[in-house]
Amino acid sequence: MTVWDDLRKHRKATADRPILELFENDNRAPGFSVDLAGLLFDYSKTSIDETARDLLVKLAETTGVAPRAEAMFTGEKINETEGRAVLHTALRNLDGAVSVDGRDVMPDVRAVYERMRSFATDVRSGSFKGQGGKITDVVNIGIGGSDLGPAMAAIALSPYADGPRAHFISNVDGAQAHDVLAGLNPETTLVIVASKTFTTIETMTNAETVRKWMGETVRTPTAQFAAVSTALDKTESYGIPATRVFGFEDWVGGRYSMWGPIGLSLMIAIGPENFAGFLAGGAAMDAHFRAAPLAQNMPVMLALVGIWHNQICDCATRAVLPYEQRLSRLPAYLQQLEMESNGKRVAMDGSDLVENSGPVVWGEPGTNGQHAFYQLIHQGTRVVPCEFMLGREGHEPDLAHQHRLLAANCLAQSEALLRGRDLEAARALMAAKGLKGKELDRQARHRVFPGNRPSTTLLYPKLTPFVLGQIVALYEHRVFVEGVILGINSFDQWGVELGKELALALDPVLKGEAAADDKDGSTRQLVAYLRG
Ligand code: F6P
């Protein structure tokens with residue numbers, strides 16, 4: 001019997017036990033929570049009991065989560081399909097020491113960080129100018145990991161934004177470039193072309209569009225361009241001087257890259273001090289992840305709850321529900337982080353995965369989601385484990401009553417999912433409204449909530465840069481732990497390549513310069529329609 005078998009056996013044996021019953025033990029809430037310097041992760045509203053937790057922890061032990069984490073932190077090449085180390089953690093631990101291939105990588109990391117700080121300071125103070133004077137707006141052009149992190153964080157940390165306004169262009173749909181540029185003055189705009197490879201078609205196409213737009217009024221547009229990339233030869237041939245190019249190494253994965261130069265637009269918006277706070281939050285989570293025993297380790301327990309729901313209870317999706325409007329882009333950020341990392345079908349050694357891979361991750365901030373898709377979460381036929389997030393305090397003290405209402409809604413949702421409402425209670429409600437007989441029965445059935453639906457809640461003091469750093473690093477390590485347990489390489493993304501190749505081949509077909517003969521009937525029909 002493997003630990004997986006034991007987990008399934010235990011699940012089968014306890015599947016009919018209501019989660020609520022577990023609360024007969026008074027100590028359940030603190031016992032099934034991880035409390036870490038201000039963050040509280042409560043997973044007590046799940047069906048995980050002590051036996052399940054012991055087995056899950058055993059799974060993490062037997063799959064070697066801790067030694068694998070050490071291998072990551074110490075620069076071993078754990079991204080085996082690309083032969084690379086995985087060291088985004090080095091970007092937020094600037095006093096640390098770590099070597100790759102026998103070379104200490106930290107002097108370069110620190111040097112680039114210092115250059116970022118100094119450039120950000122110059123842009124914010126006005127010593128770096130555009131043709132029209134002080135920079136008022138920064139446009140980050142990038143996609144995926146070169147966009148989602150800073151774009152998500154720029155909204156999350158907007159109360160700290162006291163520099164030029166940050167804008168993001170990612171989609172190859174020219175509508176986005178058009179709409180973003182429409183409100184900007186090219187003479188006071190700084191453009192950051194952010195691309196790890198500096199070849200991504202969307203980014204390079206948008207960069208050209210923006211360069212052309214700027215060239216209509218600015219004499220030397222590239223004088224207002226900076227670049228962030230691992231491909232320094234390519235940034236040079238693009239015409240961006242080395243003084244405004246911020247490099248990083250291939251051991252930083254795109255979706256793990258917001259801690260370094262990819263975060264430049266964020267650093268300019270919120271200032272180097274606040275950016276340092278964000279890094280410190282990430283580093284604090286790293287230290288906890290490396291040191292805490294598995295059962296008291298927040299990323300490990302978040303991952304094990306994920307494994308329990310997805311692989312053991314067969315819930316194919318999970319909802320991320322931040323009760324914080326400024327985390328509106330967090331679900332999209334986590335979609336890339338989790339699904340690009342663990343959406344795989346073969347294990348590290350190339351064999352078929354034995355277990356299902358990572359779940360579909362989706363979500364929206366509360367309370368908006370409540371008026372949209374929560375209906376399905378409460379009464380749909382499939383169970384969706386929910387991950388709630390909430391701060392104790394908002395940034396608007398004069399609107400504290402609204403924050404209280406926000407908090408009440410968040411807690412009410414997890415309570416409703418847990419308790420539900422049985423037929424008897426629904427019938428009593430209908431009877432109180434004066435309904436009788438068959439109509440009472442019919443109406444009551446629509447008002448039943450099955451309950452017993454699992455959720456976790458992550459509470460934090462306030463969405464500061466430090467806290468955001470903790471949250472992002474928490475989820476990064478969660479993805480890592482789930483990947484190790486499933487035997488996945490969480491750091492490659494071969495699954496995005498085929499579509500890119502076919503898109504390149506289809507562009508001339510749509511232009512009418514190549515035939516669509518080798519395409520399937522559906523694609524030929526779609527091409528014919530678009531060609532008009
Ligand atoms: O398409 C996938 C991907 O490679 C992501 O992993 C990455 O974050 C994104 O494209 C952008 O890549 P780049 O930073 O090289 O432009």
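Below, a biologist asks how the terms used for this predicted model are justified, and a modeller answers.

Biologist: Which positions carry the feature "active site"?

Modeller: UniProt, in an unreviewed entry, places that feature at Glu340, His371 and Lys500. These positions span 161 residues of sequence and are also spread in space, up to 36.4 Å between C-alpha atoms.

Biologist: Where is Glu340, and why is Glu340 called buried or exposed?

Modeller: Glu340 lies in helix H14, residues 330-342. Glu340 has 22 other C-beta atoms within 10 Å. A residue is buried if 20 or more lie within that distance, so Glu340 counts as buried. Leaving out residues up to four places away in sequence, Glu340 touches Arg255 and Gln493.

Biologist: What makes Lys500 buried or exposed?

Modeller: Lys500 is found in helix H20, residues 497-511. The count for Lys500 is 11 other C-beta atoms within 10 Å. Exposed requires 12 or fewer, so Lys500 is exposed.

Biologist: How do you know whether Ala111 is buried or exposed?

Modeller: By the count again. Ala111, in helix H6 (residues 106-125), has 11 other C-beta atoms within 10 Å. The limit for exposed is 12 or fewer, so Ala111 is exposed. Ala111 and Phe246 are 135 residues apart in sequence, and their C-alpha atoms are 9.9 Å apart in space.

Biologist: Which residues are closest to the ligand, and what classes make up the shell?

Modeller: The ligand is surrounded by 14 residues, and the closest are Gly144, Gly145, Ser195, Thr200 and Gly254. By class, the shell has 9 polar, 3 charged and 2 nonpolar residues.

Biologist: Now the sheet. What is the strand order in the open sheet of 5 strands, and why do S8 and S11 stand at the edges?

Modeller: The order is S8-S7-S9-S10-S11, with parallel pairing. Strand S8 (165-169) and strand S11 (245-247) each have a single partner strand, so one side of each is left without a neighbour in the sheet. Neighbouring strands of this sheet are turned by 20 degrees against each other on average, direction ignored.

Biologist: How do you know that S7 and S9 pair?

Modeller: Two strands pair if at least two bridges are found between them. S7 and S9 have 5 bridges and run in the parallel sense; Val139 has Val191 in S9 as its bridge partner. S9 and S10 are joined by 4 bridges and are parallel too, with Val193 opposite Ala227 in S10. S10 (residues 225-229) and S11 have 3 bridges, also parallel, and there Ala227 has Val245 as its partner in S11.

Biologist: What makes S9 "mostly covered"?

Modeller: In S9, 6 of its 6 residues are buried. Thr189, Val191 and Val193 point one way, Leu190, Ile192 and Ala194 the other way, and all are buried.

Biologist: Which helix lies across S7, S8 and S9?

Modeller: Helix H9, residues 201-215, lies across these strands and runs at about 145 degrees to S7.

Biologist: How many residues of helix H7 are buried, and what covers them?

Modeller: In H7, residues 148-156, 8 of its 9 residues are buried. Among them are Leu148, Pro150 and Met152. The cover includes S7, S8, helix H11 (264-270), H14 and helix H19 (465-486).

Biologist: What is noted about phi of Phe198?

Modeller: Most residues other than glycine have a negative phi, and most peptide bonds are trans. Phi of Phe198 is near 55 degrees, a positive value. Phe198 sits in the loop between S9 and H9. With 24 C-beta neighbours inside 10 Å, against the 20 needed, Phe198 counts as buried.

Biologist: And Asp314: buried or exposed?

Modeller: Asp314 has 11 other C-beta atoms within 10 Å and the limit is 12, so Asp314 is exposed. Asp314 also has a positive phi, about 65 degrees, although it is not a glycine. Asp314 is placed in the loop between helix H13 (298-312) and strand S12 (317-323).

Biologist: Where is there a cis peptide bond?

Modeller: The cis bond joins Gly366 and Thr367, with omega about 10 degrees. Thr367 lies in the loop between strand S13 (360-362) and helix H15 (374-379).

Methods. Residues are numbered from 1 along each chain as its sequence is written. This is a predicted model: local features need pLDDT of at least 70, side-chain atom pairs count only at pLDDT 80 or more; totals for chains, interfaces and linings use all residues. A residue is near a molecule or strand if its C-beta atom, placed from the backbone, lies within 6 Å of it. Ala, Val, Leu, Ile, Met, Phe, Trp, Tyr, Cys and Pro count as nonpolar, Asp, Glu, Lys and Arg as charged, and the others, Gly among them, as polar. UniProt positions are given in the numbering used here, feature names are shortened, and annotations may be inferred rather than shown by experiment. Helices (H or I, at least four residues) and strands (E, at least two) are DSSP runs, numbered from the N terminus. Two residues are in contact if their C-beta atoms, placed from the backbone, lie within 7 Å. Axes are lines fitted to C-alpha atoms, for helices over the stretch in contact, and angles run from 0 to 180 degrees between N-to-C directions.
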